[in-house]
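Subject: Structure handover

Hello,

Here is the structure for you to look through. Please open it first, then read my notes below.

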Amino acid sequence: MDRIGPNFIDIWRWSLDPAPCEIDRLFPMLSGEEKARASRFVYPEHRQHFIAGRAGLRLVLGHYLHLPPHRIGLTYNVFGKPRIAGASELLHFNLSHSADVAMLAVSDHYPVGIDVEAIKPLKEDIAGHFFSKRECAALAAFAGDDYLNAFYRCWTRKEAFVKAHGAGLSLPLDSFDVTVDAASRPRLESLDGDRDAPLNWSLFDLASPPGFAGTLAALTLGNAVHLRYSDHNVLALKASVAHPAHTDPRQRQNGGSRAIPV
Ligand SMILES: CC(C)(COP(=O)(O)OP(=O)(O)OC[C@H]1O[C@@H](n2cnc3c(N)ncnc32)[C@H](O)[C@@H]1OP(=O)(O)O)[C@@H](O)C(=O)NCCC(=O)NCCS
């Protein structure tokens, strides 16, 4: 496996709107379960985004693990967070997509969560419903476009933390506070029942495309970590070919949804 090391977390970004012929090339990279999920989307655009998202995820993971995309086995925790079957501690990853943008974080040291959101005008007081009292008070200092940007900083910081934590939305959104300003480094300020959480978790503002906000959260345990952006064209990555020693006949039978020996 290609190592990333404790000082970096890799960030990958790609478009979910490749040419239609590309979708035909990407579709076979999915597992049987994903192909079935793709077929259940009502709108072709959503189907296409899902295929381009999962194929990109598989191409990148295959790049680290030296495995063909369809051979990456994924399993899910009870809250739906995907991980690599049989190798979840070796390579942590998390995917986020919004509109036609996908972003993926990969680390071989730290559990990660990533969130990217297209910035759209708000129709209701979402902060009042979802954010903590402290976050709402901090947001009250902003107005107009500054409020919108602060809102999305807060939203993606919370969502990335929830996704990294792994408990999904079973973690009450008012049980932790994040910073909302752009001036200082983003931080987790508190987590109910865990006094060490602000030291153990790191948040990073992502360099996301214009009109989008994005955050990465990682359980870095106080280590100094930097983001390393990949400039590869993800969907054009060469699919790895499995080393013969990694070819498990049982996996060929189940469309790659079983654990991968790495
Ligand atoms: C599913 C959820 C984890 C993220 O939803 P989202 O922001 O709509 O979607 P994203 O694009 O960021 O992430 C989706 C990806 O995260 C991964 N994922 C799914 N469940 C996950 C979980 N429990 N934890 C971490 N990652 C998860 C999957 O790879 C998924 O990709 P897929 O569509 O190919 O299956 C969940 O947090 C959710 O439903 N959020 C709703 C929004 C909300 O209320 N946010 C409040 C924030 S203040």
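First, a term. Helices here are DSSP runs of H or I with at least four residues, and they are numbered from the N terminus. Keep in mind that this is a predicted model.

Start with the ligand. It is surrounded by 22 residues. The closest are Gly 80, Lys 81, Ser 96, Lys 163 and Gly 168. Which helix gives the most to the shell around the ligand? Helix 6 does, with five residues. This helix spans residues 144-165. Three other elements also supply at least two residues each: helix 3 (44-65), strand 4 (92-98) and strand 6 (112-118).

What is the shell made of? Eight of its residues are nonpolar, eight are polar and six are charged.

Now for the domains. Why does the ligand's shell lie between domain 1 and domain 2? Because both domains give residues to the shell. Domain 1 is 1-109 + 226-251, and domain 2 is 112-222.

UniProt has two annotations to compare with the model. Both come from an unreviewed entry, so check the wording:

- "domain: 4'-phosphopantetheinyl transferase N-terminal" covers residues 17-106, according to the unreviewed UniProt entry. That span is 41% helix and 21% strand. Its end C-alpha atoms lie 22 Å apart.
- "domain: 4'-phosphopantetheinyl transferase" covers residues 111-203, again according to the unreviewed UniProt entry. Over these residues the chain is 41% helix and 17% strand. Here the end C-alpha atoms are 12 Å apart.

Last, a helix pair. Look at helix 2 (residues 32-39) and helix 3. Their axes come within 9 Å and cross at roughly 160°. Angles over 145 degrees count as roughly antiparallel, so helix 2 is roughly antiparallel to helix 3. The crossing of the two helices is right-handed.

Best wishes

Key. Residues are numbered from 1 along each chain as its sequence is written. This is a predicted model: local features need pLDDT of at least 70, side-chain atom pairs count only at pLDDT 80 or more; totals for chains, interfaces and linings use all residues. A residue is near a molecule or strand if its C-beta atom, placed from the backbone, lies within 6 Å of it. Ala, Val, Leu, Ile, Met, Phe, Trp, Tyr, Cys and Pro count as nonpolar, Asp, Glu, Lys and Arg as charged, and the others, Gly among them, as polar. Domain bounds come from an automatic or database domain assignment. UniProt positions are given in the numbering used here, feature names are shortened, and annotations may be inferred rather than shown by experiment. Axes are lines fitted to C-alpha atoms, for helices over the stretch in contact, and angles run from 0 to 180 degrees between N-to-C directions. Angles under 35 degrees count as roughly parallel, over 145 as roughly antiparallel, 65 to 115 as roughly perpendicular and the rest as oblique. A crossing is left-handed if the near helix is turned anticlockwise from the far one by less than a right angle, and right-handed if clockwise.
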